Amino acid sequence: MNQRHQKLADQVLTAFRSELDETDQQRIGEARFQTLHGLICEALSDELELVSGRVEAVVKELRAEIDKPELEL
């Protein structure tokens with residue numbers, strides 16, 4: 001997990017907390033908020049891994065096209 005994921009997860013968690021009144025925040029508890037933060041970070045990391053795999057596949061495909069010799073007619 002990188003710093004950008006941490007920051008995004010912090011922003012989501014802050015936005016979520018702002019939707020709750022103090023009683024609900026206390027009922028949920030800090031431990032559960034931290035669990036939610038970890039789940040958000042994990043989801044961001046999983047999505048980044050998926051996207052990077054797709055980008056890698058496209059790069060391989062493009063390189064294969066570049067390496068093909070052209071037929072002169």
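**View 1. The aromatic pair of Phe16 and Phe33.** In this predicted model, a search of the whole structure finds 1 aromatic pair. Its members are Phe16 and Phe33, which meet edge-to-face, with 6.2 Å from centre to centre and 65° between the planes. The pair links distant parts of the chain, 17 residues apart: Phe16 belongs to helix α1 (residues 3-18) and Phe33 to helix α3 (residues 30-67).

**View 2. Surroundings of the two rings.** Phe16 has a relative accessibility of 34% and therefore counts as partly exposed. Phe33, at 2% relative accessibility, counts as buried. Arg17 lies over the face of Phe33, 4.0 Å from the ring centre.

**View 3. The buried face of helix α1.** Helix α1 consists of 16 residues and reaches 22 Å from its first C-alpha to its last, close to the 22 Å expected at 1.5 Å a residue. His5, Ala9 and Leu13 are buried in this helix. Seen down the axis of α1, the buried residues fall within an arc of 65°, so they line one face of the helix. An α-helix has 3.6 residues a turn, so residues three or four places apart point the same way. The buried residues of α1 pack against α3.

**View 4. The exposed face and the N-terminal end of helix α1.** Turned away from the buried side of α1 is a face that carries the exposed residues Gln3, Arg4, Lys7, Thr14 and Ser18. At the N-terminal end of α1, Asn2 acts as a cap, with a side-chain oxygen 2.9 Å from the backbone nitrogen of Arg4.

Note on methods: Residues are numbered from 1 along each chain as its sequence is written. This is a predicted model: local features need pLDDT of at least 70, side-chain atom pairs count only at pLDDT 80 or more; totals for chains, interfaces and linings use all residues. Side-chain values use heavy atoms; hydrogens and water are left out. Rings of Phe, Tyr and Trp (its six-membered ring) pair if their centres lie within 6.5 Å; planes under 30 degrees apart count as stacked, over 60 as edge-to-face and the rest as tilted. Helices (H or I, at least four residues) and strands (E, at least two) are DSSP runs, numbered from the N terminus. Buried means under 20% relative accessible area, exposed over 50%, partly exposed in between (1.4 Å probe, protein chains only). A charge sits over a ring if NZ of Lys or CZ of Arg is within 6 Å of the ring centre and within 35 degrees of the ring normal. The expected span of a helix is 1.5 Å times one less than its number of residues. The arc is that of the directions from the helix axis to the C-beta atoms. Contact means heavy atoms within 4.5 Å. A polar contact is a pair of N or O atoms within 3.5 Å; within protein, one must be able to donate a hydrogen and the other to accept it, and residues adjacent in sequence count only if both atoms are side-chain atoms.
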